[in-house]
Amino acid sequence: MEVTVTALFFVLYLLQLDKKLSWLCWPLADLFNSVIAALFLLVVCMFAVTVKTNKGTLTGGVFGLVLLVLCVLDAVILFQKISFGEPRGSNTPAK
């Protein structure tokens, strides 16, 4: 399910539908998606790493923890780019 939601966000930004549907703050929705994915990965990977019934489970847990770090990094970068009080538009810095 998380892959589907992430793919939908990718298509949304690729087709620039976020500009046409301006009634929703899409970066904020993407931020919530990253946070929920990180929490989900944390729970699943901790179970996989602690159970470690075989090497495949342990390896999957370790790769999942790497993905967890990437989701957290994505959430931090998105949070830094969201401008709550400023108008959305150009990303060029003001002089």
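Over residues 58-79, the chain is 100% helix and 0% strand, with 32 Å between the end C-alpha atoms. Helices here are DSSP runs of H or I with at least four residues, strands are runs of E with at least two, and both are numbered from the N terminus. The model is a predicted one, in which local features need pLDDT of at least 70 and side-chain atom pairs count only at pLDDT 80 or more, while totals for chains, interfaces and linings use all residues. Residue numbers start from 1 along each chain as its sequence is written, and side-chain values use heavy atoms, with hydrogens and water left out.

Residues 32-51 are likewise 100% helix and 0% strand, and their end C-alpha atoms lie 29 Å apart. An unreviewed UniProt entry lists both 32-51 and 58-79 under "transmembrane region"; its positions follow the numbering used here, feature names are shortened, and annotations may be inferred rather than shown by experiment.

Helix α1 covers residues 2-14. Its 13 residues should span 18 Å at 1.5 Å a residue, and the end C-alpha atoms are indeed 18 Å apart, so the two values agree; the expected span is 1.5 Å times one less than the number of residues. After α1 comes Q16, with a positive phi near 55 degrees.

Helix α3 holds S34, which is buried at a relative accessible area of 5%. Buried means under 20%, exposed over 50% and partly exposed in between, using a 1.4 Å probe and protein chains only. The side chain of S34 makes a polar contact of 2.6 Å with that of D74; such a contact is a pair of N or O atoms within 3.5 Å, and within protein one must be able to donate a hydrogen and the other to accept it, while residues adjacent in sequence count only if both atoms are side-chain atoms. V44 is also in α3, but at 40% relative accessibility V44 is partly exposed. The C-alpha atoms of V44 and L65 are 9.3 Å from each other, with these positions 21 residues apart along the chain.

The second largest pocket holds about 350 Å³ of space. Its lining has 15 residues, of which E2, T6, N33, A37 and C71 are closest to the centre. Elements giving two or more residues to this lining are α1, α3 (26-51) and α4 (55-81), and α3 gives the most, with seven. By type, the lining residues are nine nonpolar, three polar and three charged; Ala, Val, Leu, Ile, Met, Phe, Trp, Tyr, Cys and Pro count as nonpolar, Asp, Glu, Lys and Arg as charged, and the others, Gly among them, as polar. A pocket is an open set of points on a 1 Å grid over the protein atoms alone, where a 1.4 Å probe fits, with protein on both sides within 12 Å along at least five of seven lines; lining residues have an atom within 4 Å of a point. Grid points are joined across faces, edges and corners, and the volume is the space filled by probe spheres set on them.
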